[in-house]
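Please look over the sequence and the model shown below before reading on. The paragraphs that follow lead through its sheets, cores and individual residues, and give the cut-offs behind each term as it comes up.

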Amino acid sequence: MVVAKDSQLVYDTEPGEVNNLESAKWKSRTMAWLWQAFTDDQIYKRNSNSGHRCFRLDETELINGEYYPKIHVLQTDMTTAQIQAEKSDLFGMCKNVVLNNPTKFIKPQNLPLQFTCLFLDSHYIPNEDRVAGHAALGSGWNSDYNWGIFGSHLLYSHPQNLTEMKNKFNDIRPVNKKYTSNDGGDYRARVCNVGIGAFLHELGHSFGLYHNYGVMHRGFDNFNRAFYSVELSTNNVWTSLRTNVDDQYASWSKVDAEIMLPHHLFRLKNDPIIDMVDKNIQLFTTSSNSFILYANVVILKNGRMVELGKIFSEVNNGLITADVFKTQRFGPVYENQVEFNVDFTVNNNARLLTIGVYYDNYVHGLEFTYTDNTVRFFGYKIGNKGSFSLVNKELRVLRVQSGAWIDALQFCFSATDCTQQFGGTISGQWSAEFNLDIIGSSQFYKVSGLNGAFIEKYNPDWTVNTMSSITVLYKKV
Ligand SMILES: [Zn+2]
C-alpha cells in the first residue's frame, strides 16, 4: 500500500462509513484471499494435472497462530497533491517504492519479484468525474520486477472479511457519485466486482497474461459468479446462475493457466523444476474462434539464458489451421471513438500502393493510397508525416507499441527489412499496459488489414487526438 508523505490515511467512502487505514488493510487482505481462492479453483478446472494451486502470498502472523497476507504501508516522498496530479507516474512510483525498501522486499536470486501496489490516496473528484491518484496497470512479465497497480477509489464497496462477502457482492444500492466513483458500475455490487477483479486483471498482466477472455477481458464484471450460484438483481430479485459455463465470465483461461503454472510462485516443493520461462507470450484469436499461442521461449540453464526461438502453435492441437487470424486488440477503444477497417488486399479491385502515418510521440493519422489513386484517411493530420511504398513488397509484420494510446507503429517486409518506427520511441514500459508487441514473423502469413479507432471529433482543447487501438489481420499467403 503506497501512501503520500502527507497522507490523511483514509479512502473515499460515503459519509459515516469507516475509511481508516486499518479497514483498508483488512479489505486488501480479503481481496488477496479472494484472488487466491479464485485462482486455485480456476487452475484446478483448467489444468487437471496440476491439481489445486495458486500463487503464494507473503504472509504474517497477525493474531496468535493466524496468518494473513502481509501488507506493507510504504510512504513515498510525494505529497497527496503530487500523487493526485493528472500526469503522476504511479506505475513507476510503485516500483521505486519497492526498490527503496530492500529490506522489506527481497528479490529471489534469478527470479522476479512480484508485487501489487494499492494507492491509498486515490480520490474521486465529482466535478471532473475523474479519479485522481489511480491507474489500472500491469507490467507484463519481466525477469526482474513484475507488478500491478490500482487505486483505493473502489475499496468502499469491498468486503472487509469473508463474512461480509455475500452482502458486498449483492449490494444493489446505487453509487452515490457525490462522494464515490462508479468506476465499472452504477451499483455497489458491480463496483465491488470491478474493484477486486480489475486489480486481479492487472496482477494477471504481471504474470505475463494478455487480454484474451475471462478476467483478462471484462469477465471481472461478474467476479461474484466465481463464488456464488445466485446473485441479487437490481430489481431486488435473487437470480440463479449457471456460472462459468463458458469463459466469458470471471475465469482464467486454459492459456492463462499454462502461462502461470511454471511461475515460481505456483511451484510446490516437490514439483520437478521447470526452468523454462516464457516471455512475450501472445494470444491471437483466429477466424474460427480458436486461439493461437505465440511465444519467445528461453530456457534458463545455470542462470544463463539460452534463446530457443519462437513458437507458433494453435492451442488446441498444436497446428495452425486458420487461413485468417487477427491479433489481440492493442490498446483500448474509448467511448467517444469511431472504429475503422482497412482491407489491404482489395479496395474496388485496386491494390494498396502506399501507407502514410501522421505521428509525433503518438500515432495520429493513417493514410492508405490505392493503385486507382483513391485515398482512405483515418484520424488527424497532426505531427510529422512518414510514408512508404508497397510496390513489390509484401507486408509481413506490424509492430505495435501501445498503452492507453497507440504510441508507435512499425511495418516490416521481412525480419530485417522494416520501416522506421512511427511514433514515440520511449522504450520504457511505464506508460504501456502492453509491452512492445512483436507479432510473429511467420513466412506463411502476411498482413491483410487493420482495424483501429480514433476519437470522433477533433478536440482543440485536448492534445491527444490519437489512435487508441489497433487489431492486425493476417492471412495465409
Ligand atoms: Zn489489461
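Helices (H or I, at least four residues) and strands (E, at least two) are DSSP runs, numbered from the N terminus, and two strands pair if DSSP finds at least two bridges between them. Residues are numbered from 1 along each chain as its sequence is written. The model is a predicted one, in which local features need pLDDT of at least 70 and side-chain atom pairs count only at pLDDT 80 or more, whereas totals for chains, interfaces and linings use all residues.

With these terms in hand, consider a small part of the fold. Strand 21 and strand 22 form a hairpin with three residues between them, and the two pair in the antiparallel sense over six bridges. Within that pairing, leucine 398 has phenylalanine 411 of strand 22 as its bridge partner, while glutamine 401 is matched with alanine 408. Alanine 408 also stands opposite glycine 423 in strand 23, and strand 22 is joined to strand 23 by two bridges, again running antiparallel. The three strands thus make up an open sheet in the order 21-22-23, with antiparallel pairing. Because strand 21 (397–402) and strand 23 (422–423) each have a single partner strand, they stand at the edges, and one side of each is left without a neighbour in the sheet. As for strand 22, five of its seven residues are buried, so it is largely enclosed by the rest of the structure; here a residue is called buried if 20 or more other C-beta atoms lie within 10 Å of its own, exposed if 12 or fewer, and partly exposed in between, with C-beta atoms placed from the backbone.

Which residues have the most contacts inside the largest nonpolar core? They are Val2, Cys94, Cys117, Phe119, Leu120 and Ile149, in a core of 61 residues, where a nonpolar core is a set of buried Ala, Val, Leu, Ile, Met, Phe, Trp, Tyr and Cys residues joined through C-beta atoms within 7 Å. Among the elements that give two or more residues to this core are strand 1 (2–3), helix 1 (21–46), helix 3 (90–99), strand 5 (113–119) and strand 9 (145–151). The largest share, nine residues, comes from helix 5. A second, separate core of 29 residues includes Val357, Leu398, Val400 and Leu473.

Helix 5 (residues 188–206) has 19 residues and reaches 27 Å from its first C-alpha to its last, close to the 27 Å expected at 1.5 Å a residue, the expected span being 1.5 Å times one less than the number of residues. Of its 19 residues, 19 are buried, and the helix is followed by glycine 208, whose phi is positive, near 100°.

Returning to the strands of the larger core, strand 5 and strand 9 run parallel and are joined by seven bridges, with cysteine 117 opposite isoleucine 149 in strand 9. Six of the seven residues of strand 9 are buried, so this strand is largely enclosed by the rest of the structure. Strand 9 also pairs with strand 8 (residues 137–138), in the antiparallel sense and over two bridges; there, glycine 138 has glycine 148 as its bridge partner. The hairpin of strand 8 and strand 9 has six residues between the strands, and in it glycine 140 takes a positive phi near 80°. Leaving aside neighbours within four places in sequence, cysteine 94 is in contact with Val2, Cys117, Trp147 and Ile149, two residues being in contact if their C-beta atoms, placed from the backbone, lie within 7 Å.

Two further residues can be set side by side. Methionine 260, placed in helix 6, is buried, with 25 other C-beta atoms within 10 Å, and touches Phe207 and Phe266 when residues up to four places away in sequence are not counted. Leucine 241 is found in the loop between strand 11 (238–240) and helix 6 (254–260), and counts as partly exposed, with 14 C-beta neighbours inside 10 Å.

Finally, confidence should be kept in view. The mean pLDDT of the chain is 82, and 80% of its residues reach 70 or more, pLDDT being the predictor's confidence in each residue, from 0 to 100. Confidence is lowest in strand 14 (residues 304–314), at a mean of 41, and highest in strand 1, at 98. Over residues 297–321 the pLDDT stays under 50, and it is also below 50 over residues 427–442.
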